[in-house]
Amino acid sequence: MNKYKKLALSVLLDALGYVSIIFPPFDFVWAPASALIMTKLYKGREGKVAAVVSFIEEALPFLDVIPTFTIMWLYSYVVNPKKEETIIEV
């Protein structure tokens, strides 16, 4: 997936998390769903840690305003980008 499409999806998923501000029972469904989606979007150890953080953030009241998916995107592509191997043919 293109990193900018992943950014747009991350922003959309963070916005979806705000539904619980208006309808608090939504958290019962959204907290585990957000953790599952986080592990699918961001692989490896970082994705698993982000999934736990996302679950806790969505499950606890008043923390729903934290944009977990967008923060994870920033971490993955700005703070700690993975360098792609470049093969130079001789």
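**View 1. The exposed face of helix H1 in the predicted model.** In this predicted model, the side of H1 that is turned away from its buried residues carries Tyr4, Lys5 and Leu12, which are exposed. For Tyr4 the relative accessible area comes to 53%, and the residue is classed as exposed because the cut-off for that class is over 50%. Close to this residue in sequence, at the start of H1, the backbone nitrogen of Tyr4 has a side-chain oxygen of Asn2 within 2.8 Å.

**View 2. The buried face of helix H1 and its packing partners.** The buried residues of H1 are Lys6, Ser10, Leu13, Asp14 and Gly17. Seen down the helix axis, these buried residues fall within an arc of 100°, and they therefore line one face of H1. An α-helix has 3.6 residues a turn, so residues three or four places apart point the same way. The elements against which the buried residues of H1 pack are helix H2 (19–22), helix H3 (27–41), helix H4 (44–59) and helix H5 (68–79).

**View 3. Helix H1 along its length.** Helix H1 runs over residues 3–17, and its 15 residues, taken at 1.5 Å a residue, should span 21 Å. The end C-alpha atoms of H1 are 21 Å apart, which agrees with that expectation.

**View 4. The aromatic pair of Tyr4 and Trp73.** Of the aromatic pairs in the structure, which number 3, one joins Tyr4 to Trp73, with ring centres 6.5 Å apart and planes at 45°, so that the pair counts as tilted. This pair links distant parts of the chain, since Tyr4 belongs to helix H1 and Trp73 to helix H5, with their positions 69 residues apart. Whereas Tyr4 is exposed, Trp73 has a relative accessibility of 7% and counts as buried, because the class takes residues under 20%.

**View 5. The aromatic cluster of Tyr4, Trp73 and Tyr77.** Trp73 also pairs with Tyr77, in a tilted arrangement with 5.3 Å from centre to centre and 35° between the planes. Both Trp73 and Tyr77 lie in helix H5, where they are 4 residues apart, or about one turn of the helix. Tyr77 is partly exposed, its relative accessible area being 25%. Together, Tyr4, Trp73 and Tyr77 form one aromatic cluster.

**View 6. The span annotated as a transmembrane region.** An unreviewed UniProt entry places the feature "transmembrane region" at residues 59–78. In the model, the end C-alpha atoms of residues 59–78 lie 27 Å apart, and the span is 60% helix and 0% strand.

Key. Residues numbered from 1 in each chain as written. Predicted model: local features only at pLDDT ≥ 70, side-chain atom pairs only at ≥ 80, totals over all residues. Heavy atoms only, no water. UniProt positions renumbered as here; feature names shortened; annotations may be inferred. Helix = DSSP H or I, 4+ residues; strand = E, 2+ residues; numbered from the N terminus. Expected span 1.5 Å × (residues − 1). Buried < 20%, exposed > 50% of the residue type's maximum accessible area, 1.4 Å probe, protein only. Arc of directions from axis to C-beta. Contact = heavy atoms within 4.5 Å. Polar contact = N/O pair within 3.5 Å; in protein donor to acceptor, adjacent residues only side chain to side chain. Phe/Tyr/Trp six-rings, centres within 6.5 Å; stacked < 30°, edge-to-face > 60°.
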